[in-house]
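Hi everyone, thanks for coming. I'd like to walk you through one model today, so please have the viewer open.

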Amino acid sequence: MSGAAFIYSPFAAQYSMGESHPLRPVRVQLTYELLEAYGAFKLPGSQLVKPEPASEADILTFHDPAYVEAVKKISRGEYVPDAHRYNIAEGGDNPPYEFMYEVSSLAAGAGLKGAKMLLDGEVDTAFNVIGGYHHAARNHASGFCVFNDLVIALLWLLKQGKRPLYIDIDCHHGDGVQHAFETTGHLMTISLHESGHYLFPGTGMVEEFGKGPGMAWAVNVPLHPHTDDETYLWAFREVVPPLVKAVKPDVLVTQLGCDTHYLDPLTHLQLTTAGYTQVIRELKALSPGKWLAFGGGGYEISVVARAWALAYGVMLDQDWPDQIPTSFSDKYGLKQLRDHKQPFIDRTDKTAAWEQARKAVDQVKRLIFPPHRLKS
Ligand SMILES: [Zn+2]
């Protein structure tokens with residue numbers, strides 16, 4: 001059955017990680033409201049789906065029991081003296097906050113709901129817009145991420161006998177997902193990101209390409225901070241389609257962080273909504289008929305709602321009018337869906353970005369293509 005599910009709960013927008021924290025949950029509410037204004041949930045084949053939280057047993061398929069217990073206590077406001085062991089600290093990237101457990105298990109439940117809908121044949125695409133917490137590790141929080149909803153969904157898909165492949169287009173390296181699978185050979189992870197030389201979490205070099213049975217199953221394309229649409233798309237096309245065709249997954253799982261945008265305050269890549277939307281179209285074309293998409297990073301509120309509304313449009317084969325409906329624009333002041341400005345990148349920076357992309361692509365082709373019988 002064709003069609004797409006948008007998995008969303010207002011609860012995911014109603015918590016706070018603190019006034020000055022860059023992750024503002026309201027961004028998913030804006031995405032929902034913008035799509036609602038376009039009538040996206042009334043179109044044939046489109047479903048608005050409310051998720052249930054993942055069970056503790058689901059969360060424990062990946063996470064360490066002591067860590068899960070600590071998150072529960074912190075979420076209830078209880079004092080956990082060794083919270084720092086789990087990388088949770090007041091004023092840091094991962095502060096303690098009310099509903100931490102509920103919000104994180106809801107994101108994981110949303111991913112599992114999408115995965116089940118795909119396997120039950122209810123839709124061919126499911127978009128867990130409230131998830132995409134790719135940095136979370138088995139026994140600690142990292143980079144605003146508490147439970148790794150992506151790993152939990154991937155493990156569930158593997159348990160059902162599926163062959164998923166993971167692609168991460170967030171501006172940050174998808175380290176948590178890579179580390180969960182890099183020694184197993186159970187699935188391929190591909191991450192395109194701003195190089196760890198310039199950005200958190202500092203990892204994601206091409207040389208991290210998996211170990212033991214996982215050798216050549218972790219793929220990283222680290223990019224220069226000034227990478228624009230053209231260079232990014234070139235690198236994507238050189239690496240991603242050949243590997244997807246070689247590995248032949250039966251489910252495509254993607255993390256669609258939109259913090260690659262040139263206006264994002266935490267990062268430096270220079271993509272526009274045009275480049276981002278084109279990547280989404282090319283991911284769709286690579287889907288084997290089951291596509292589980294997740295949200296992710298995105299810290300400029302005026303960008304996130306537009307980028308993810310465009311992404312859901314691609315999933316529905318809808319090209320939304322550029323003029324944003326007045327019911328939304330009157331409330332939030334955003335008039336146009338797509339960017340009408342380009343970032344300025346001088347020649348030296350453009351050349352540096354191009355050279356870095358070419359170096360990363362060459363390295364991937366040399367180290368990872370041959371074991372998959374692709375020409376280097
Ligand atoms: Zn990110």
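I'll go from the overall fold to the metal site, then to a few helices and some backbone details.

First, some housekeeping. This is a predicted model, so I describe local features where pLDDT is at least 70 and count side-chain atom pairs only at pLDDT 80 or more, while totals for chains, interfaces and linings use all residues. Residues are numbered from 1 along each chain as its sequence is written, and side-chain values use heavy atoms, with hydrogens and water left out.

Let's start with the whole chain. The secondary structure comes to 11 helices and 8 strands; these are DSSP runs numbered from the N terminus, with helices being H or I of at least four residues and strands E of at least two. The radius of gyration is 19 Å, close to the 21 Å that the globule rule gives for 376 residues, so the protein chain is as compact as a globular protein of that length. That radius is taken over C-alpha atoms, and the rule is 2.2 Å times the number of residues to the power 0.38. Along the principal axes, the C-alpha atoms fill a box of roughly 55 × 50 × 45 Å.

How much of the chain is buried? Of the 376 residues, 59% count as buried, where buried means under 20% relative accessible area, exposed over 50%, and partly exposed in between, with a 1.4 Å probe and protein chains only. Among contacts (heavy atoms within 4.5 Å) between residues at least 6 apart in sequence, 77% join residues at least 24 apart.

Now the inside. The largest nonpolar core has 127 residues, and those with the most contacts inside it are Phe127, Leu256 and Tyr312. By core I mean a set of buried Ala, Val, Leu, Ile, Met, Phe, Trp, Tyr and Cys residues joined through side-chain atoms within 4.5 Å. As a reminder, in soluble globular proteins nonpolar side chains tend to be buried together. If you click on Leu256 and skip its neighbours within four places in sequence, its contacts include Phe127, Ile169, Tyr276, Trp291 and Met315.

On to the metal. Which protein residues are the donors of the zinc ion? They are Asp170 (OD), His172 (ND1) and Asp259 (OD), lying 1.9 to 2.1 Å from the zinc ion. Donors here are N, O and S atoms within 2.8 Å of the metal (3.2 Å for Na, K and Ca), and water is not among the atoms, so sites may look incomplete. Along the chain, the donors follow the spacing D-x1-H-x86-D. His172 lies in the loop between β4 (164-168) and α6 (175-181), and Asp259 in the loop between β7 (251-255) and α8 (273-286), so the pair ties together parts that are 87 residues apart in sequence. His172 is buried at 7% relative accessible area, and Asp259 is buried too, at 0%.

His172 also turns up among the contacts of Ser191, a residue of strand β5 (residues 189-194). Not counting residues up to four places away in sequence, Ser191 also touches Asp168, His173, Gly174, Val219, Asn220 and Val221. Ser191 is buried, at 4% relative accessibility.

Next, the helices. In α9 (residues 301-315), the end C-alpha atoms are 22 Å apart, which agrees with the 21 Å that its 15 residues should span at 1.5 Å a residue; that expected span is 1.5 Å times one less than the number of residues. α9 is mostly covered, with 14 of its 15 residues buried. One resident of α9 is Leu310, whose C-alpha is 6.5 Å from that of Thr277, 33 residues apart in sequence. Just after α9 comes Asp317, with a positive phi near 60 degrees.

Helix α3 (residues 65-75) has Tyr67, Val68, Ala70, Val71, Lys72, Ile74 and Ser75 buried, and their cover includes α2 (56-59) and α4 (100-119). Right after α3, Gly77 takes a positive phi of about 85 degrees.

Finally, some backbone details. The peptide bond from Phe200 to Pro201 is cis, with omega near 5 degrees, and Pro201 sits in the loop between β5 and β6 (218-223). Phe144, not a glycine, has a positive phi of about 75 degrees and is found in the loop between β3 (125-128) and α5 (149-159).

That's my tour, thanks for listening!
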